[in-house]
Each structure stands twice: as structure tokens, then as C-alpha cells.
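This report deals with a sheet, the helices that pack on it, and a pocket in the model shown here.

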Amino acid sequence: MRSTLRSTRRTPRHRRTTARIASAVVAGALALTVTACGGDGDDGDKSDEGGGKDTGSTVQLPKLDGETVSVSAVWGGSERKVFLKVLDEFEERTGAKVSFVPAQDPIISFLESKVAGGQPPDVAMLPQVGAIEQAVANKWAKPVGPEAQKQLEKNYAKGWQNLGAVDGKQYGVYFKAANKSLIWYNTRVFENAGVSEPKTWDDFMKTAQTVYDSGVPPVSVAGAEAWTLTDWFENIYLSQAGPEKYDQLAQHKIKWTDPSVKEALTTLGEVFGKKGFVAGGADGALQTEFPASVKQTFKGGDQPGAGMVFEGDMVSLPISETKAEVGKDAKVFPFPAVGAESPAVVGGDAAVALKDSKGAQALLTYLASPDAARIWAEAGGFISPNKNLDLAAYPNDVQRDIAKALIAAGDDIRFDMSDQAPQSFGGTPGKGEWKALQDFLKNPQDVEGTQKTLETAAAKAYKD
């Protein structure tokens with residue numbers, strides 16, 4: 001089953017795509033003068049008659065009065081709040097009652113318990129390509145219906161459609177995408193230290209040292225959520241080893257004991273192993289969740305918890321919960337080039353129906369339309385792969401330019417490596433890559449030991 005997806009999603013990235021995304025991020029950062037979160041705003045006039053008759057709708061939805069649709073996702077905090085607004089409009093337009101079922105990582109294990117208990121949700125938002133494959137292999141997933149398929153063909157590049165397909169059959173609708181190759185920084189910290197945005201890894205390390213010398217820990221790391229650590233590694237590896245090696249490692253065609261992995265871990269260890277570079281040290285980072293890692297970078301005036309925080313466009317949502325203003329107090333630059341160019345890694349969350357119901361298929365149709373994407377786009381912290389979403393929906397130039405570059409990349413995308421792996425290796429707390437990189441954060445000198453641990457876990461997960 002995995003071989004089918006490999007043939008569609010792992011086409012080598014042309015270097016122009018990386019350059020295009022990086023330049024768009026820089027342009028957006030320079031041009032940005034408004035806040036990250038544009039507020040919920042006015043979603044337009046909504047008809048309680050359903051049937052897609054509300055003002056500005058692009059898709060007709062069925063009447064679902066009296067039906068209940070359950071949706072499960074791992075999203076929490078501000079992400080969940082905005083997603084509930086997306087579901088609210090679906091309720092208003094269809095008459096259905098939607099319930100949100102909070103899930104835990106790994107979501108496949110969570111769903112397994114729900115299926116075993118006879119209570120699977122109608123739709124699950126799956127954050128890994130491997131999770132879609134596993135849901136299909138377990139015979140939980142239901143194929144996308146004709147109306148949702150029409151929306152996919154109309155609104156999505158073939159590459160994004162293929163990411164949700166298994167053995168040529170469509171199961172997933174990618175609703176939320178993410179550019180995972182960004183570093184956000186506190187402008188006051190940079191000004192006080194007298195540094196500017198670095199473009200290369202060597203410049204990044206020099207900038208971090210100068211920030212440290214100014215009295216502020218240079219980097220905030222969300223080590224409690226190990227997916228951020230996989231993103232650190234993947235960006236370094238893609239830039240340093242190149243796209244062909246990246247694809248080979250993603251497919252486990254080369255082993256994690258390969259010299260290219262050693263080189264990338266050694267580079268990552270330059271940050272993790274430098275005393276005082278990681279806010280709170282390794283122990284503090286391993287207790288820091290993603291939203292907190294962002295907030296501590298933009299709180300505290302002249303003495304914030306850190307000067308920089310790495311992660312994707314979703315960083316703007318936690319920033320919006322501080323007093324920092326994106327474009328003034330918080331700016332962003334592309335992940336520095338370790339090799340010839342800055343990397344460009346993307347991720348995404350796909351809606352998959354687990355029940356063959358009218359409500360589940362209607363929700364997939366809605367999520368594949370620009371209507372649903374617009375609501376979250378207006379709130380910020382969100383990038384849509386939907387090419388027909390009006391870019392004006394995004395609240396600021398940073399997100400607008402990131403989205404524009406993502407759409408322009410079309411089929412030429414490089415998906416998050418850990419999200420392509422079997423979930424037991426790339427997406428399970430306390431196991432596989434997540435556990436190995438958390439241990440590496442504690443002991444970044446143990447490069448070879450980390451490689452052996454990664455390879456042992458990968459060989460078992462990929463059944464080599």
C-alpha cells in the first residue's frame with residue numbers, strides 16, 4: 001500500500017520551489033504591518049435554510065436536519081477554537097448537529113479504541129500520511145464520495161489529491177497545510193543584540209551566540225511535543241543532504257545509520273548541545289509544549305524567555321494570544337540554509353470519513369471547498385492547499401505570501417518525513433523517532449547511539 005503513495009508523493013523537489021517559498025516568506029516579513037490574528041470578523045450573511053444558499057458560498061450542501069455528525073481531531077487550544085467555528089457554519093448551512101471528539105496522539109490508537117467500542121467518529125482529521133494508509137489498511141476509512149471528489153478536482157493540485165489517495169482511490173481531503181520551515185524572532189531581542197536575520201546556518205549560529213551574549217537564551221524548543229524535534233531534523237537534513245536523500249530516508253531505502261544522518265544530527269547538536277542556547281536547558285525544553293515555546297519568546301519585554309522559536313506558520317496563533325504584534329514585535333525568516341539552499345518542508349491534516357453516512361460525506365465536501373478554508377484563514381495560524389481560496393482571506397502579508405508560494409508549488413512539494421513514516425515510528429509519543437530525538441535533546445553528543453536507536457525502531461516499523 002505504501003508503494004503506491006511513494007510513487008505519487010516523492011517526486012524530487014526542484015530547487016526553484018525552495019527558493020520561491022523562501023523568497024515569498026522574506027517578502028511577506030518585510031511587507032507585514034498588521035497583526036497575525038485578524039479576529040473572527042464577519043463570516044457573511046448565513047442562511048438557516050441550508051443548501052448552500054448563504055451569501056458567498058461556493059458549494060451547495062445537503063439538508064441534514066436531525067442528523068448528528070461527529071468529528072475527531074488532536075487539535076487543542078486556539079486551533080480547536082477556530083476549527084469549531086468552521087464546524088459552526090457547517091451546522092448552520094446543513095441543519096446537522098456537529099460534535100467534536102478530542103483525540104490524543106497517536107490518533108490511530110485513539111481511533112482503534114473507538115472502533116473497538118463501536119463508536120468511531122464520522123470523520124477524523126488525520127495528521128500523518130501514514131495514518132491515512134493505516135486507516136485504510138484497517139478497513140476503517142471510507143472512500144471520498146462524488147461531491148467531495150468534484151471539489152477536490154476543482155480546488156486542489158494533483159499532488160495534494162495524491163497525498164490523500166491509497167492504491168489510486170481517494171480517501172483524504174487535505175484541509176490544513178503548514179509551511180514547517182520558518183523561524184520567528186523577537187524583534188526587540190534582535191535590536192538589543194544588534195543582529196539581523198541570518199540566511200545560512202553559520203550565520204544562524206553566530207546570531208544565536210550574539211543573542212546569548214546579550215543575556216537572552218537564543219532558542220525556544222518545544223521538546224515536550226517531539227514532532228517539533230522531527231521538524232528540526234528534517235529541515236536540516238533536506239537542506240544538507242538534498243531532496244533525493246530525503247526521499248530515500250523517508251522510504252527507508254537508506255538506513256538511519258547512513259553518514260548523511262550523522263551529519264544532520266551533528267549539525268542539530270550544535271544548537272541542542274551549546275550551553276545556554278536552549279531556553280530552560282534540555283530539562284526545561286522537554287517540559288515545554290508548543291504554545292508555551294512560542295509565548296515565552298514574545299513575553300517579558302527586554303528579558304523574554306528566548307529570542308527565537310522554530311516552527312511553521314501556525315506559530316502566529318499563539319503569538320496572537322500575547323501582546324506581541326506580528327510585523328512589529330514578531331517577525332519571521334526562512335529556516336537557514338545548511339547546504340546550498342534553505343529547506344521547504346510542508347505538512348498537513350486530512351479529513352477522512354470513518355462512516356459511510358450522508359453527513360460524513362457532506363462534511364468532506366464542505367472541507368474541500370474554499371468556504372471552510374476561508375473561516376480559519378481569516379483567523380490566522382492557518383494555510384490552505386485549496387488553490388481557489390481567495391488570498392485576501394488571510395489576515396496578513398506573511399501568511400498570504402506563504403500560502404501563495406505553497407499554491408504556486410503545485411505538485412512539487414516535499415512532505416514532512418515523519419508524517420510519511422509508519423505511525424509507530426514517526427508519530428507515537430514515547431516511541432520511535434519521537435523518543436529517540438527527545439533523548440538526543442538530552443544528550444546531543446550521542447550521535448551514533450541515536451542513529452542506532454532510530455534504525456532499530458525504523459527497521460521494525462517498516463518491517464524491513
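Five strands form an open sheet of mixed pairing in the order β2-β1-β3-β11-β6, where helices (H or I, at least four residues) and strands (E, at least two) are DSSP runs numbered from the N terminus, and two strands pair if DSSP finds at least two bridges between them. The edge strands, each paired on one side only, are β2 (97-102) and β6 (172-179). On average, neighbouring strands of this sheet are turned by 20° against each other, direction ignored. This is a predicted model, in which local features need pLDDT of at least 70 and side-chain atom pairs count only at pLDDT 80 or more, while totals for chains, interfaces and linings use all residues. Residues are numbered from 1 along each chain as its sequence is written, and side-chain values use heavy atoms, with hydrogens and water left out.

Strands β1 (residues 68-73) and β3 (residues 123-126) pair in the parallel sense over two bridges, and A124 in β3 is the bridge partner of S72.

Two helices are set against these strands, with contact meaning heavy atoms within 4.5 Å; axes are lines fitted to C-alpha atoms, for helices over the stretch in contact, and angles run from 0 to 180 degrees between N-to-C directions.

| Helix | Strands involved | Angle |
|---|---|---|
| α3 (residues 77-94) | touches β1, β2, β3 and β6 | about 160° with β2 |
| α5 (residues 129-137) | lies across β3, β6 and β11 (346-353) | about 145° to β3 |

The largest pocket holds about 880 Å³ of space. Of the 37 residues that line this pocket, V74, W75, E79, E225 and W227 are the closest to its centre. Here a pocket is an open set of points on a 1 Å grid over the protein atoms alone, where a 1.4 Å probe fits, with protein on both sides within 12 Å along at least five of seven lines, and lining residues have an atom within 4 Å of a point; grid points are joined across faces, edges and corners, and a volume is the space filled by probe spheres set on the points. Elements giving two or more residues to the lining include α3, β6 and β11.
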